[in-house]
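Q: Please take a close look at one part of this predicted model. I would like a connected account that begins with a single residue and moves on to the contact between the chains.

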There are 2 protein chains.
Amino acid sequence: MLSKKVLKDIQSLGLKKHRLATGLFVAEGPKIASELLGLVPGKIRQVFATAEWCASANPLPSKVTLFEVTPEELARISQLQTPNGVLLVSEQWQDPLPEQQDGLVLYLDTIQDPGNFGTIIRTADWFGVQHIVCSEGCAERFNPKVVQATMGSIARVRLSYDKDDQWIGAQRSLIAASLDGLPPGALQLPAGAVLMIGNEGKGLRPELLARASQRVTIPKKGGAESLNAAVATGILLAQFSS
Amino acid sequence: MLSKKVLKDIQSLGLKKHRLATGLFVAEGPKIASELLGLVPGKIRQVFATAEWCASANPLPSKVTLFEVTPEELARISQLQTPNGVLLVSEQWQDPLPEQQDGLVLYLDTIQDPGNFGTIIRTADWFGVQHIVCSEGCAERFNPKVVQATMGSIARVRLSYDKDDQWIGAQRSLIAASLDGLPPGALQLPAGAVLMIGNEGKGLRPELLARASQRVTIPKKGGAESLNAAVATGILLAQFSS
């Protein structure tokens, strides 16, 4: 039986101000739980899980507190429409900005939709991108919708926020995803290149577009005016890594 | 000033049973409104818009009833977190199943997330796919979240539901997106090929997978276990059309 305080503490992590104040976040579902328990075991504080999940789970790290809960209790703390066996509370972490990067770095300019943001992190992980740098206007990494959309990749891709554009301002090989560039196959991809993806509605900020040494566009054959930001990122990463 | 009846009628279109009963659906925002007014003018019944939108809009088709509303009224009928100037009520329509298709047809097996479903329609439109066929387990085409995610492409790509798998059962050149296939470049793409995309969690149904003459997999370089269904669709369409 969960105490009122525990219930309230977990529910409060749905709000950004409480995530900021506590440095904690929530992740849900067996897939993401097993990824986080495997990748960042030292960060996990509490696991709330049904008897069914507990019966099939690997042994938990020693510092983790396990609460076995009923499906009804899980529904009360879950932020999902369909609660899925397990919810964990983890400490947040920070990754340093990339210094001398070897591989392609992904730069996100004001990607605001949490689902898009999380899907981009998952997609970058598929293609082996080691580091994502985000403008300050991007969604919050530990927003529950971001965490869910990453499907566990949140703990595998390093991600950092670029205060006042200091990091991006110092980069030289910038490639801008835009609507007026060359097809991916026509580009030169230098070591340490940064692929910049712009906001869902407005694209890249003009000052970033102006600084790009190359612009890349996914060739269009039909009628849609644009592609979803996560889909476009996936297509570019696939073509750059093939 | 909107009457209580009008308010209630529009709000009810958020529910599937009312969309089925009335044959109507709702679309919002200037981008989607202008696409639908241009592409299916005869289907639009009512437009609810702020003075600002009305001042900048093209003349409306003669059968459309225009209601100028305050931002507060729009917020009461809108299903968006941030209402965006205009909401229209349109009749639904049906597209026939493709018969002798020349180009690639996209087949969706139980794509349930409305955002994914709409994003796939938008992506197919970008790549000039003329027709999407959906299994009965897919999301509902006129669900407001689907409509919004298509960004207007809903009126440009023909889309039909395949009752009891009759259509897919009669197709011969099936290509399955799976996790154990060949890279896209190694495939033969015959005229009239059908690219099959599976459910977000479970992939394609085994009976569909068994009938595929080719399997295609997006090469993986990193750690993520899978790609989002809309991202994977975009990558495959980009590679097949390049």
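A: B:Thr150 lies in helix H7 of chain B, which covers residues 144-150. With a relative accessibility of 0%, B:Thr150 counts as buried, because the cut-off for that class is under 20%. Apart from its neighbours within four places in sequence, B:Thr150 is in contact with B:Gly118, B:Ile121 and B:Arg122.

The contact between the two chains takes 29 residues from chain B and 29 residues from chain A. Within the area that chain B buries against chain A, B:Arg122, B:Trp126 and B:Lys221 supply 28%, more than any other three residues. B:Arg122 thus appears both among the contacts of B:Thr150 and among these three contributors. In total, about 2,700 Å² is buried between chain B and chain A, and carbon and sulfur atoms give 60% of this area.

As for polar interactions, the interface of chain B and chain A holds 2 salt bridges. A salt bridge joins A:Glu225 to B:Lys31, with the closest N and O atoms 3.5 Å apart. Across the interface there are also 18 residue pairs in polar contact, both residues being at pLDDT 80 or more.

On the side of chain B that touches chain A, helix H6 (114-126) and helix H10 (229-240) of chain B each supply at least two residues. The largest share of that side, 6 residues, comes from H10(B). By residue class, the side of chain B that touches chain A divides into 11 nonpolar, 11 polar and 7 charged residues.

Conventions: Residues are numbered from 1 along each chain as its sequence is written. Chains are lettered from A and ligands numbered from 1 in the order in which they are written. This is a predicted model: local features need pLDDT of at least 70, side-chain atom pairs count only at pLDDT 80 or more; totals for chains, interfaces and linings use all residues. Side-chain values use heavy atoms; hydrogens and water are left out. Contact means heavy atoms within 4.5 Å. Buried area is the accessible area (1.4 Å probe) that two parts lose on being put together, summed over both. A salt bridge is a side-chain nitrogen of Lys or Arg within 4 Å of a carboxyl oxygen of Asp or Glu. A polar contact is a pair of N or O atoms within 3.5 Å; within protein, one must be able to donate a hydrogen and the other to accept it, and residues adjacent in sequence count only if both atoms are side-chain atoms. Helices (H or I, at least four residues) and strands (E, at least two) are DSSP runs, numbered from the N terminus. Ala, Val, Leu, Ile, Met, Phe, Trp, Tyr, Cys and Pro count as nonpolar, Asp, Glu, Lys and Arg as charged, and the others, Gly among them, as polar. Buried means under 20% relative accessible area, exposed over 50%, partly exposed in between (1.4 Å probe, protein chains only).
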